[in-house]
Amino acid sequence: MNKTIDKIVSLCKRRGIIFQSSEIYGGFSAVYDYGPLGVELKNNISKFWWKEMTQIHENIVGLDSGILMHPSIWEASGHVGAFNDPLVDCKKCKARYRADEFSDDFSSIDWNEIQCPNCGTIGDMTEPRQFNLMFKTHVGPVQETGTEAYLRPETAQGIYVNYQLIQGAMRMKIPFGIAQIGKAFRNEIIARNFIFRTREFEQMEMQYFVKPGTDDATLEDWKEKRFIFYSKYLGIDKSKLRFHKHGDNELAHYAKEAWDIEYHFPFGWSEIEGIHNRTDYDLSQHEKFSGKNLSYFDQPNNERFLPYIIETSAGLNRMLLTVLVDAYWEDIENKRIVMKFDPMIAPVKAVICPLTKKDGLPEKARDVTMKLKSHFKVIYDQQGSIGKRYYRQDEAGTPFGVTIDHQSLSDETFTLRYRDTQEQDRLSLEQIISIINKSVHPK
Ligand code: GAP
């Protein structure tokens, strides 16, 4: 089976999962809209992440901070100075590229010898220039200096600047964590591979505050926990996941050590989540820029210190792309495409179908729908042949089909169809509810 991103893009549009932004205006590059099934899927994924962080871990609490924040935060964090990509331009056709697309060691390139991949001209490339990835905007009615603000490029800083308020209000003792899900924005130069790299995206970040000296062991702990998350809650094939440790030339300006969890996408192994040891870099920078003491007082040991921070930083949209790619299956034998979403995260758990549109079957099927929808998300479908209805739902990743036929009217049994095997069982409604309920909880 040749799994390509193009096939997934087209299925996502066909089934109402993801659309190109502003399509009727010709599209808006590197921004995507999530349709009815996409938003369900995305919510199911983020719900599990939130549960894992803030429910399973008693010492992790949540936060929802603003997208716009005091501009000095981005100077303190280093994003104004260091959040840059090196760019080169073709003077002839004006095409723009990241310098590291030509070579990781782009500083040694003689740009006069480089051919523009767009127009083919040799020798018209500029030297690399730094380009800041943050979106700038103005706050208030007048656009003048002093009114500039940035759309946050990571959610993490909202956590750092609130950490003392949260620690005090919730009486948190180190080690403790703060989790946040929210939008982040980056003016990416090369935005490609569908929702993998976009200019507007969602992050799910957790910052874990620890005593210096315990940071290395804590990083190892979180690496393990985050790796397990993908198979436990999302049903991702473990053999398609691996760790990648950042070399010195890859480390972000704030990190002492960094690991990526990578997935084997059709376009190669690529990062879905980063686990970073940010040391006390961010808190000490915020101390410097705000003039506030951000240290933590460890009462039992009667000592004060600036906590170290272990960060787990995942992109919700990338996680969703991982789920989509992992689930895509061309069932050649039966001439159908199936999204094998784990029932835990499937947007819709079951489709309810009357076998025909007459003889009281639709009324019975409506009644079944009423009873099932209080347990989980289901949809009712009576349009087209039963085979077509099933195949439509196979593409949408609906794991179960419940069919109401003439026998159902007399003995209150229904057929339960399993998406992946297409096998069917004749069962009572209670049995069906129990089977579906069991399948939607993490194993
Ligand atoms: N706070 C640390 C941080 O932001 P990062 O490695 O730059 O670290 C973390 O980003 C995660 O955010 C990535 O692993 C990825 O999943 C997601 N991400 C980053 N840039 C993205 C983009 N342009 N589009 C979609 N997701 C992105």
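## Tryptophan 49 and the aromatic pairs

Tryptophan 49 has a relative accessibility of 0% and therefore counts as buried. The model in which this residue is described is a predicted one. Tryptophan 50, by contrast, counts as partly exposed, because its relative accessibility is 31%, a value that falls between the limits of 20% for buried and 50% for exposed.

Aromatic pairs in the protein number 19. One of them is formed by tryptophan 49 and tryptophan 50: the ring centres lie 6.3 Å apart and the planes meet at 35 degrees, so the pair is classed as tilted. The cut-offs make the reasoning explicit, since stacked rings require planes under 30 degrees apart and edge-to-face rings require over 60. A single aromatic cluster is also made up of Phe48, Phe229, Tyr230 and Tyr233.

## Overall architecture

The protein contains 12 helices and 23 strands. Its C-alpha trace extends over about 75 × 70 × 50 Å along the principal axes. Of the 443 residues, 51% are buried. Among contacts with a separation of 6 or more, 65% are between residues 24 or more positions apart.

The exposed area of the protein is about 20,900 Å², and 49% of this area comes from carbon and sulfur atoms. With regard to charge, there are 57 positive and 62 negative side chains. The centres of these two sets are separated by 6 Å.

## Strand β21 and its partners

Strand β21 comprises residues 400-404 and is mostly covered, with 5 of its 5 residues buried. Phe400, Val402 and Ile404 point one way from the strand, while Gly401 and Thr403 point the other way. Both groups are buried.

Strand β21 pairs with two strands in opposite senses, parallel with β19 and antiparallel with β22. The pairing with β19, which spans residues 350-354, involves 5 bridges. The pairing with β22, which spans residues 413-418, involves 4 bridges. Threonine 403 takes part in both pairings: this residue of β21 is the bridge partner of cysteine 353, and it also stands opposite threonine 415 in β22.

## Backbone features in the loops

The peptide bond between isoleucine 174 and proline 175 is cis, with omega at about 5 degrees. Proline 175 is located in the loop that connects α5 (156-170) with β9 (176-185).

Two residues other than glycine have a positive phi, namely asparagine 193 and glutamate 412. For asparagine 193 the angle is about 65 degrees, and the residue is placed in the loop between β9 and β10 (200-210). Asparagine 193 counts as partly exposed because its relative accessibility is 23%. For glutamate 412, phi is near 60 degrees. Glutamate 412 belongs to the loop between α11 (406-411) and β22, the strand that pairs with β21 in the antiparallel sense. Its relative accessibility of 40% means that glutamate 412 also counts as partly exposed.

Notes. Residues are numbered from 1 along each chain as its sequence is written. This is a predicted model: local features need pLDDT of at least 70, side-chain atom pairs count only at pLDDT 80 or more; totals for chains, interfaces and linings use all residues. Side-chain values use heavy atoms; hydrogens and water are left out. Buried means under 20% relative accessible area, exposed over 50%, partly exposed in between (1.4 Å probe, protein chains only). Two strands pair if DSSP finds at least two bridges between them. Contact means heavy atoms within 4.5 Å. Accessible areas come from the Shrake-Rupley method with a 1.4 Å probe; for residues, only the protein chains shown count as cover. Lys and Arg count as positive and Asp and Glu as negative; His and the chain ends are not counted. The place of a charge is taken as NZ of Lys, CZ of Arg, CG of Asp or CD of Glu. Rings of Phe, Tyr and Trp (its six-membered ring) pair if their centres lie within 6.5 Å; planes under 30 degrees apart count as stacked, over 60 as edge-to-face and the rest as tilted.
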